[in-house]
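Me: I would like to go through this model one question at a time, with the reasoning set out before each result.

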Amino acid sequence: MKLTSDSETLAEKKALILYILNKVSKPINNDALLKLVISIDNMNYFYFQQFLLDLLENKYIINYEKDRESLYEITNEGKQALTLVKDIIPGISKFRVDNNFKETLGKIQNELSISSDFIPHSEKEYSVKCKIVENNQILFELQVFAGSREQAKIISDNWNNNAEKLYPQILDILSH
């Protein structure tokens, strides 16, 4: 698909983004929106970014910062435009959004809510921060010392891959 190609195809892709944002019905960051779009339609990243810019320029979506994160949300103008162009979205795409959406969105929200970072203080001193964030509120945050970069990376990776198991165990230990 050329970006300058068929104007109906371009409109269809923009309508799909609006349709997804309308279904999400809350602010979403660029990565999560891209993952949702790609799970429905195999869209090129650069085209996706261009479509977002076009939608922003037309005021169909807004972009703003919250807690140092850039978020997108559909506007009332975008919702009105969507009602006019919803029919150009292929039925299979709407079906995928309507039926596979909750599972994909749930996975993305889980990925976004579990995070870890490690900060070097020297070659042999690192701090590792492990977090769980839900609805932009920190539910759990733990900072630990690591004696090497390798240990910091292991702790960070372990948290990112196993937080759903580790969090209840830590909470249980702290509660007794």
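Me: How many bridges join E2 to strand E3?
Reply: In this predicted model, E3 covers residues 69-74 and runs antiparallel to E2. One of the pairs in register is Glu 65, whose bridge partner in E3 is Ser 70. The number of bridges that join E2 to E3 is six.

Me: Which strands stand at the edges of the open sheet that has the order E1-E3-E2?
Reply: The sheet is open and has three strands in the order E1-E3-E2, with antiparallel pairing. Each edge strand has a single partner strand, so one side of each is left without a neighbour in the sheet. The strands at the edges are E1 (28-29) and E2 (61-66).

Me: At about what angle to E2 does H3 run?
Reply: Helix H3 spans residues 45-57, and it lies across both E2 and E3. Its direction relative to E2 is about 100°.

Me: What is the distance between the axes of helix H2 and helix H3?
Reply: Two packed helices are described by the angle between their axes and the distance between the axes. H2 (residues 30-40) packs against H3 at an angle of about 115°, and H2 passes H3 in a right-handed crossing. On the H2 side, Asn 30, Leu 33, Leu 34 and Val 37 meet Tyr 45, Phe 48, Gln 49 and Leu 52 in H3. The axes are 11 Å apart.

Me: Which residues of H2 are buried?
Reply: Buried is taken here as under 20% relative accessible area. The four H2 residues that meet H3, namely Asn 30, Leu 33, Leu 34 and Val 37, are found among the buried ones. The list for H2 is Asn 30, Ala 32, Leu 33, Leu 34, Leu 36, Val 37 and Ile 40.

Me: At the start of H2, which backbone nitrogen does a side-chain oxygen of Asn 29 reach?
Reply: The side chain of Asn 29 supplies an oxygen at the start of H2. This oxygen comes to within 3.2 Å of its partner, the backbone nitrogen of Asp 31.

Me: Why are the buried residues of H4 on the same side of that helix?
Reply: In helix H4 (residues 76-85) the buried residues are Gly 78, Ala 81 and Leu 82. They lie on the same side of H4 because of the arc they cover around the axis, which is only 105°.

Me: Which residues are exposed on the other side of H4?
Reply: An α-helix has 3.6 residues a turn, so residues three or four places apart point the same way. Gly 78, Ala 81 and Leu 82 are the buried residues of H4, and the exposed ones are on the other side: Asn 76, Gln 80, Thr 83 and Leu 84.

Me: By how many degrees are neighbouring strands of the sheet E4-E5-E6 turned against each other on average?
Reply: This open sheet has three strands in the order E4-E5-E6 and antiparallel pairing. E4 and E6 stand at its edges with a single partner strand each, so one side of each lacks a neighbour in the sheet. With direction ignored, the average turn between neighbouring strands is 15°.

Me: Which helix packs on the sheet, touching E4, E5 and E6?
Reply: The helix in question covers residues 149-175, and its direction makes about 150° with that of E4. The helix is H6.

Me: Over how many bridges do E5 and E6 pair?
Reply: E5 (residues 125-134) is joined to E4 by eight bridges, and a hairpin through two residues connects E4 to E5. On the E6 side, Val 128 stands opposite Val 144, and Glu 134 stands opposite Gln 137. E5 and E6 pair in the antiparallel sense, and the number of bridges is nine.

Me: Is Ser 116 buried or exposed?
Reply: Ser 116 is in strand E4 (residues 114-122). Its side chain makes a polar contact of 2.5 Å with that of Ser 156 and another of 3.1 Å with that of Asn 160. Because its relative accessible area is 11%, Ser 116 is buried.

Me: How far apart in space are Leu 142 and Lys 129, C-alpha to C-alpha?
Reply: Leu 142 is in strand E6 (residues 137-146) and is partly exposed, with a relative accessible area of 31%. Lys 129 is among the residues that Leu 142 touches, together with Val 128, Cys 130 and Ile 170. Although the two residues are 13 apart in sequence, their C-alpha separation is 5.7 Å.

Key
Residues numbered from 1 in each chain as written. Predicted model: local features only at pLDDT ≥ 70, side-chain atom pairs only at ≥ 80, totals over all residues. Heavy atoms only, no water. Buried < 20%, exposed > 50% of the residue type's maximum accessible area, 1.4 Å probe, protein only. Contact = heavy atoms within 4.5 Å. Polar contact = N/O pair within 3.5 Å; in protein donor to acceptor, adjacent residues only side chain to side chain. Arc of directions from axis to C-beta. Pairing = 2+ DSSP bridges. Axes fitted to C-alpha atoms, helices over the stretch in contact; angles between N-to-C directions. Left-handed = near helix turned anticlockwise from the far one by under 90°.
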